[in-house]
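Reader: Could you walk me through this structure? I'm new to this, so please keep it simple.

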Amino acid sequence: MCGIVGYTGRAQAAPILLYGLERLEYRGYDSAGITVNSGTLQTVKASGRLANLAALTNNGADLHGNCGIGHTRWATHGEPTDNNAHPHVASSGQISIVHNGIIENYRKLKDWLLARGVAFQSETDTEVVSQLIDYYYEGDLLAAVRKAIYKLEGSYALGIVAADAPDTIIAVRKDSPLIAAVTDGEAFIASDVTAIIKYCREVIYLDDNTIAVITPGNITCYNKYGKVQDLTPVTIDWDIEAAQKGGYAHFMLKEINEQPKVLRDTLAGRIVADAAGARVDLSDAGLTPEVLQAVRKVHIVGCGSAYHAGVVAKYQLEGFARIPCEVTLASEFRYSSPVVLPGTLCVVISQSGETSDSIAALREAKALGVSTLAVVNVRGSTIAREADYILYTNAGPEIAVATSKAYSAQVAAMTLLAVALAEFNSGAKRENLQAVLNDLIKLPDLEEQILSDISLVQLAASRYFNHSSVFFIGRGLDYAAALEASLKLKEISYIHSEAYAGGELKHGTISLIEPGTLVIAVAACTKLAEKIESNIKEVKTRGAEVLTITTSSLSKNFTDCGDILIEIPDTHELLTPLLTALPLQLFAYYTALNNGCDIDKPRNLAKSVTVE
Ligand code: M6R
């Protein structure tokens with residue numbers, strides 16, 4: 001989604017803005033622009049990649065001034081043209097703004113302004129905001145912004161500058177993330193930390209309905225009643241290297257390879273030993289034994305891969321912890337009149353913590369009066385701040401649009417929740433808990449083992465990369481893993497793919513299987529091995545080529561029914577999705593690579609979906 005960066009201080013603003021926009025590229029965008037304020041507003045915009053903007057400004061050297069705002073736009077209202085790119089400068093030339101979010105009542109406001117003689121330059125909802133601020137502007141920018149936002153409906157993070165206030169940025173936030181940071185003699189705004197971590201480690205997450213006045217070395221925040229707010233900065237515990245490629249060809253490949261470390265970080269401090277052995281301790285999330293004992297049902301919401309992590313968790317929570325569990329797409333939750341009974345723990349899974357649909361689902365669950373748990377990666381994000389309990393996934397910054405390490409950290413965190421609920425809620429036998437935890441502790445080493453030899457995955461990707469349609473099948477937890485594997489393949493390689501529960505094939509989909517169709521079978525669940533074996537034979541008989549992902553001890557069942565067989569090491573059945581994920585992510589990666597795709601920034605996609 002769109003990205004915002006702003007700077008005011010003693011340095012030239014343009015190179016800092018371009019650097020920040022480059023760091024925000026991963027969020028997804030189709031045009032970019034900057035305004036530098038030196039008493040007059042100099043605005044340059046370009047559709048396409050940021051390199052176009054850098055070329056037009058001589059890498060920023062052609063724009064002089066110490067204050068400015070920049071933006072990467074992911075088009076919603078109006079095509080991705082130079083004209084529709086942000087910043088949007090009002091007709092007077094006095095006000096320039098950048099905006100993330102959607103102004104839902106922009107048509108009404110546009111008509112209102114047109115009737116008052118205001119001429120519009122673009123097709124965007126955003127231009128309404130710059131023209132409205134300009135309409136109210138009489139030399140006091142803060143007063144004009146207050147009047148304008150009073151009229152806005154929708155979501156917005158805004159960065160605003162005025163020609164005659166050349167060292168000031170006004171930042172406004174409602175339902176769209178925005179941070180601010182101050183250093184000695186300088187100040188910044190940004191959509192996320194990656195844009196400014198090079199300059200400062202302490203950032204302020206603006207609250208909803210905050211207006212911040214940013215000047216060199218100073219930030220003053222006001223709440224919606226105009227009262228000064230004291231917002232506590234959060235210290236960022238990772239550095240710029242964590243958000244760089246570190247020698248890998250792509251962020252996605254780096255992030256796939258980081259999974260053993262991430263798993264160790266997700267588990268750290270949450271598996272403790274007592275006299276009877278290991279147990280899960282989620283007190284850092286506020287999930288005490290008393291809180292867990294009160295849970296009667298778990299209702300999980302999330303989008304995309306986070307939803308798939310929820311599907312894995314449903315199998316774990318019901319199969320192992322024996323707790324009823326429902327999983328709902330966050331985008332459906334609030335419109336489906338959900339029946340959420342007392343005693344339900346609503347779990348919102350989100351890497352970014354800023355996904356608009358997931359925020360809405362969280363708020364809906366709170367309005368329904370149940371407890372909420374955020375399973376979130378980004379500290380200080382909206383979902384983390386609004387939920388009753390927070391289980392951080394500790395995956396570190398994830399830059400590739402296609403999630404890998406953040407997804408597996410979500411699965412690991414939910415596995416811990418399942419084991420904790422099994423102990424404190426369902427009274428599972430200690431030896432059963434021990435069996436899972438003993439294997440969970442060993443899992444990072446097994447992940448390293450898988451990552452140390454990926455030759456078979458590369459072979460499979462080189463053999464199958466030119467297929468135009470792929471079917472993934474699995475049963476139980478393997479079906480949950482297949483859902484995520486299918487999304488991974490389609491989002492980065494643009495190959496059509498679908499995931500099916502193996503038993504469903506005969507109910508329709510098998511009609512699509514013809515000689516040469518690629519079927520990828522995930523077959524790591526021992527108790528369902530014979531069932532998936534039959535499903536593989538059904539497609540093989542009809543000419544499909546089959547790539548099978550199975551465990552060392554199950555592989556003998558599949559030697560005669562697949563074309564390529566990839567083995568993962570044996571582990572507790574509950575944990576297999578954490579291992580099958582690795583070859584499946586790598587298969588998607590190498591298939592996309594062989595197809596020459598833009599792996600880290602797939603077309604039309606955004607890292608963080610902050611609009612509904
Ligand atoms: O930040 P979130 O976890 O809430 O994001 C949810 C989805 O947008 C995200 O998982 C998306 O499906 C990924 N691009 C998949 O790789």
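Author: Let's start with a definition: helices (H or I, at least four residues) and strands (E, at least two) are DSSP runs, numbered from the N terminus. This is a predicted model, where local features need pLDDT of at least 70 and side-chain atom pairs count only at pLDDT 80 or more, while totals for chains, interfaces and linings use all residues. Residues are numbered from 1 along each chain as its sequence is written, and side-chain values use heavy atoms, with hydrogens and water left out.

Reader: In which helix do glutamate 533 and lysine 537 both lie?

Author: Their side chains meet in a salt bridge, 3.0 Å from N to O. A salt bridge here is a side-chain nitrogen of Lys or Arg within 4 Å of a carboxyl oxygen of Asp or Glu. The two residues are four apart, about one turn of the helix, and the helix they both lie in, residues 529–541, is H17.

Reader: Is glutamate 533 buried or exposed?

Author: Buried means under 20% relative accessible area, exposed over 50%, and partly exposed in between (1.4 Å probe, protein chains only). Its partner lysine 537 has 36% and so counts as partly exposed. Glutamate 533 has a relative accessible area of 16%, so the word for it is buried.

Reader: How many residues apart are aspartate 445 and arginine 264?

Author: Their side chains meet in a salt bridge of 2.9 Å, N to O. Aspartate 445 is partly exposed at 46%, and arginine 264 is partly exposed at 36%. Aspartate 445 sits in helix H14 and arginine 264 in helix H7 (residues 259–267), so this pair links distant parts of the chain, and the separation is 181 residues.

Reader: Which residue forms a salt bridge with aspartate 388?

Author: Aspartate 388 is in the loop between helix H12 (382–386) and strand S22 (389–392), and its partner is 22 residues apart in helix H11 (residues 356–367). Aspartate 388 is partly exposed, at 41%, and the partner is partly exposed too, at 35%. The closest N and O atoms are 4.0 Å apart, and the partner is lysine 366.

Reader: How many salt bridges does the count come to?

Author: Some salt bridges share partners, joining Arg173, Lys174, Asp175, Asp208, Arg363 and Glu386 into one network. By the rule above, the count comes to 29.

Reader: Are H13 and H14 roughly parallel or antiparallel?

Author: Two packed helices are described by the angle between their axes and the distance between the axes. Axes are lines fitted to C-alpha atoms, for helices over the stretch in contact, and angles run from 0 to 180 degrees between N-to-C directions. The axes of H13 (residues 405–424) and H14 (residues 430–452) come within 10 Å and cross at roughly 160 degrees. Angles under 35 degrees count as roughly parallel, over 145 as roughly antiparallel, 65 to 115 as roughly perpendicular and the rest as oblique, so H13 and H14 are roughly antiparallel.

Reader: Where is tyrosine 494 found?

Author: Its phi is near 65 degrees, a positive value in a residue other than glycine. Tyrosine 494 is partly exposed, at 28%. Helix H16 (477–493) and strand S24 (496–501) flank its place, which is the loop between H16 and S24.

Reader: Which proline is joined to histidine 86 by a cis peptide bond?

Author: Look in the loop between strand S4 (67–73) and strand S5 (88–89). Omega of the bond is about 0 degrees, and the residue joined to histidine 86 is proline 87.
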